[in-house]
Amino acid sequence: LNESAIYKPTDWLAPLDWREVFGNDRPVEIDLGCGKGGFLLWSADARPDHNFLGVERQLVRLHKVDKKIRRAGLTNARLLRVEASYFVGKLVTDHSVAAYHILFPDPWPKRRHAKHRLFQAAFVDELRRTLTPGGAVNVATDDADYFAHIQKVMAGKFAENAPEILPAEAMTEFEKIFVAAGKTIGRARFIGNKS
Ligand SMILES: C[S@@+](CC[C@H](N)C(=O)[O-])C[C@H]1O[C@@H](n2cnc3c(N)ncnc32)[C@H](O)[C@@H]1O
């Protein structure tokens, strides 16, 4: 592909139109903090019937993932450089996302840094607002304290289910490192409660 997969909104204050981003109306899944893109690339290749958007704030990483998407010729993967909670809160319309994947989000283990964590009550409300009925939030983390925190802020708003079982090729770059180090990984698939 000659064209970059990095989407550049004309208006950074208005919700995105998925048809404009992807050129079709297939279900949209979002990888928040896609990092080096291993999961995004595997997903886009394995599920051509869905669209995948990788959200990442580090520009260097984003450019590397862009190259991989173009090399692989994937037409159902796009990238957006933006902060994840701003993205979900301001750039996503109601009930328009089939799934979020939040894989190994920065754990911010020090108490005084907890405010930097992605999972906060307001963020969880925005996940609910933007998911389609039955939509899922897939989460994985190697940090036991953060996993307990995530379960706590999701409780009442989402039902916790067993994680999706995926092949080894779907592992993210961070996951490979943690699995090789023998770390225990907290995983869950959260489905929104009916309100
Ligand atoms: C620990 S890495 C995990 C990357 C990838 N999901 C994986 O599992 O290999 C966290 C990634 O999320 C990005 N990130 C962290 N906080 C973010 C935020 N608030 N908005 C957007 N990206 C964020 C970081 O730049 C980094 O690439």
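**View 1. Residues around the ligand in the predicted model.** In this predicted model, 16 residues surround the ligand. E56, R61, E83, A84 and T172 come nearest. The shell is mixed in class: six residues are nonpolar, four are polar and six are charged.

**View 2. Polar side-chain contacts to the ligand.** Which side chains place a polar atom by an oxygen atom of the ligand? E56 is one of them, with a polar side-chain atom 2.5 Å from a ligand oxygen. R61 is another: an N or O atom of its side chain also lies 2.5 Å from an oxygen atom of the ligand. R57 pairs with a nitrogen atom of the ligand instead, and the distance from its polar side-chain atom is 3.3 Å. How much of the ligand does the protein bury? Taken alone, the ligand exposes 590 Å². The protein buries 92% of that area.

**View 3. The largest pocket, with the ligand in place.** The ligand takes up the space of the largest pocket. The volume of this pocket is about 720 Å³. Its lining counts 35 residues. G33, R57, P105, D106 and L118 are the closest to the pocket centre. R57 therefore appears in two views: it lines this pocket, and its side chain has a polar atom 3.3 Å from a ligand nitrogen.

**View 4. Elements and residue classes in the lining of the largest pocket.** Helices and strands both contribute to this wall. The helices that give two or more residues are helix 2 (38–46), helix 4 (84–90), helix 5 (121–130) and helix 7 (173–180). The strands that do so are strand 1 (28–32) and strand 4 (97–103). Helix 5 supplies the largest share, three residues. By class, the lining holds 15 nonpolar, nine polar and eleven charged residues.

**View 5. The second largest pocket.** About 290 Å³ of space lies here. The lining consists of 19 residues. Nearest the centre are P163, E164, L166, E175 and R187. Which elements give two or more residues to this lining? They are strand 4, strand 5 (131–141) and strand 7 (186–192). Strand 5 gives the largest share, three residues. The class count is 13 nonpolar, three polar and three charged residues. Strand 4 is listed for this pocket and for the largest pocket.

**View 6. Two positive phi values in loops on either side of strand 4.** Most residues other than glycine have a negative phi. H95 has a positive phi, near 45 degrees, and is not a glycine. H95 sits in the loop between helix 4 and strand 4. F104 is also a non-glycine residue with a positive phi, of about 55 degrees. Where is F104 placed? F104 belongs to the loop between strand 4 and helix 5. Helix 4, strand 4 and helix 5, the elements that these loops join, are among those that give two or more residues to the lining of the largest pocket.

How values were computed: Residues numbered from 1 in each chain as written. Predicted model: local features only at pLDDT ≥ 70, side-chain atom pairs only at ≥ 80, totals over all residues. Heavy atoms only, no water. 1 Å grid on protein atoms, 1.4 Å probe; cavity = no way out; pocket = protein on both sides within 12 Å on 5 of 7 lines; lining within 4 Å. Points joined across faces, edges and corners; volume = space filled by probe spheres on them. Helix = DSSP H or I, 4+ residues; strand = E, 2+ residues; numbered from the N terminus. Nonpolar A, V, L, I, M, F, W, Y, C, P; charged D, E, K, R; others polar. Near = heavy atom within 4 Å. Polar contact = N/O pair within 3.5 Å; in protein donor to acceptor, adjacent residues only side chain to side chain. Areas by Shrake-Rupley, 256 points an atom, 1.4 Å probe, with all protein chains shown as cover. Sits in = over half its atoms within 2 Å of the grid points.
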